[in-house]
Amino acid sequence: MKKLTALLVLLFFVTQLWSQESTNDSLLKILVQDQKTMEPLPYANILFLQQQKGTISNESGWFAISLAELNKGDTLSVQYLGYKTKKISILELKSLKMIDLEEDLINLSEAWVYGNPPKAKDIIRKVIENSEKNYTSISAKRQVFIRNRQNTDFKDFSSDIKRNSISEIDQQQIDRILHKIPKHISSFTDFLGHTYSHQNSLDSLKISSQKIVSLKDIEIDELDQFGKIFEAMFKETDEEEYWKVKSGIFGEKIDMEEETSSDSTEHKIDEVNHDNQMNKGGIKWNLKSQLQYASLKDEKQWEFLYKTGKYKYELVGGTKVNGEDVFIIDFKPSGGGKFVGRVYVSTSTYALIKADYKYADGKDGRDIQLLGIGYHENKYRTSIYYEKIGESYQLKYLSHSQAIGMSFNRKVALIKKKKRWLIDKTLLELKVKLNIDVETEEITELLFLSNDAIPSEDFVKFEEPEWMDVIYVDHFSDDLWKGYPIIEPTKKMREYQKQEVNWSELGGE
């Protein structure tokens, strides 16, 4: 029961554009947009030139800055690849609600005086050919902000008891529980801290935290109150008795020793004072997976770089970034490819500097429908940017999201049996038709704020903490992040309030 619940509670996020709503007079919220189309420009680079500090606009084009932290003589630089950089004084900034950027594309036919520009497909092929030397890592201490958001939308979550000999359970009780579960569940964790890396090894990556703020809405442990309804019965199971979960021809015994061992472990963790702490494992695993993705080694996620025969490429122009000439290439499926998007590639090193891509219309990922169980990858979107530091390119920011639809429409039986010589005897049985249809999405935003080379011995000496302090909240709060550089949250994330379920009214503990 617990394993099934954990599998079904994935997370779904739907992004939306939002209008500016300032709840704090000392906090400026500004939209970065295209001058002609008025379309927002997500993940624009925002830099204060004197302080050499910065941030990026969020997925909807918004960024926020605190007036109290600004130097009046400073200048704000707003940069977006393919657009002219705009510099604005702090005095001017106070009266702005939006910043318009002008497109800045170079006509390569005119710029390529001594011949024709190379073919777009050849440029793309050179990205992977040169990736090993372009994306080398060094021993470094880097400040990083990571936001991981998870959201779930339940389209259907219903049940129909087909057979029941367990007196403690009835259809009304189950309906009451399902009715109380929110149709939309959201959570997020914001992490600000440092990473310590040693050459090219992700396995040796270390992290430390400066601040962690987390909203956990209807935790899996709370949803597992379904299982608690049966715990008392499980404890009353004699040595010659056992419980089994069955669906169709498939069945599996519940290992009572494993359940007891798991419960004991949970209790031990609770006894250690970790109520306001978070284990490094989850954050570190997520960070490593994003860095692994950014290494360009995953041929499925970077299909358009590896399977060039599946795509049509167009060299639409060029631009400059930090003094470096860059090709701009659009791509779309042509022979079975999945993605559509735009990439920016250095004309000299063939490094991929920026990529924005998603599933093309009518395309999606894996789609499995089997015996009443469905799994469908229906959304995928990435925006990634690399900054040149010395002779190598280092990840500056990454926004990566993937949505999944899952369904479960089957009869499931929970059966208590007693062992006998020939055929085991059924003592109790609860047979339910479950109808579950859920859409989920998880989105990770990652921004490196600084990058400082360190000697190898400093990396070795640093002792990574196992547990890190965390502030648990019911909703997002600007006050908790005063003085800290973060990515501006979306309106939906700001407005979301943690929902409460009174399990005592539903027969839970």
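Which residues point one way from strand 1, and which the other way? Some notes on this predicted model follow.

1. Start with the two sides of strand 1. Leu27, Lys29, Leu31 and Gln33 point one way. Leu28, Ile30, Val32 and Asp34 point the other way. Both sets are buried. The strand spans residues 27-34, and 8 of its 8 residues are buried.

2. Now look at the neighbours of strand 1. Strand 4 (residues 62-66) runs antiparallel to strand 1, and 5 bridges join the two. Find Ile30 in strand 1: opposite stands Phe63 of strand 4.

3. Strand 7 (residues 98-101) also pairs with strand 1. Here the strands run parallel, with 4 bridges between them. Leu31 has Met98 of strand 7 as its bridge partner.

4. Turn to helix 6, residues 171-180. Its buried residues are Gln173, Ile174, Ile177 and Leu178. They sit on the same side of helix 6, because they cover an arc of only 130° around the axis. The general rule helps here: an α-helix has 3.6 residues a turn, so residues three or four places apart point the same way. On the face turned away from the buried side, Gln172 and His179 are exposed.

5. Finish at the surface. Ile249, Phe250, Ile368, Leu370 and Leu371 make a nonpolar patch of about 560 Å². One of them, Ile368, lies in strand 18 (residues 367-370). Why can Ile368 belong to a surface patch? Its relative accessible area is 42%, so Ile368 is partly exposed, and patch residues need over 30%.

Key
Residues numbered from 1 in each chain as written. Predicted model: local features only at pLDDT ≥ 70, side-chain atom pairs only at ≥ 80, totals over all residues. Heavy atoms only, no water. Patch = residues over 30% accessible without salt bridge, like charges linked within 9 Å, V, L, I, M, F, W, Y side chains within 5 Å. Areas by Shrake-Rupley, 256 points an atom, 1.4 Å probe, with all protein chains shown as cover. Salt bridge = Lys/Arg side-chain N within 4 Å of Asp/Glu carboxyl O. Buried < 20%, exposed > 50% of the residue type's maximum accessible area, 1.4 Å probe, protein only. Pairing = 2+ DSSP bridges. Arc of directions from axis to C-beta.
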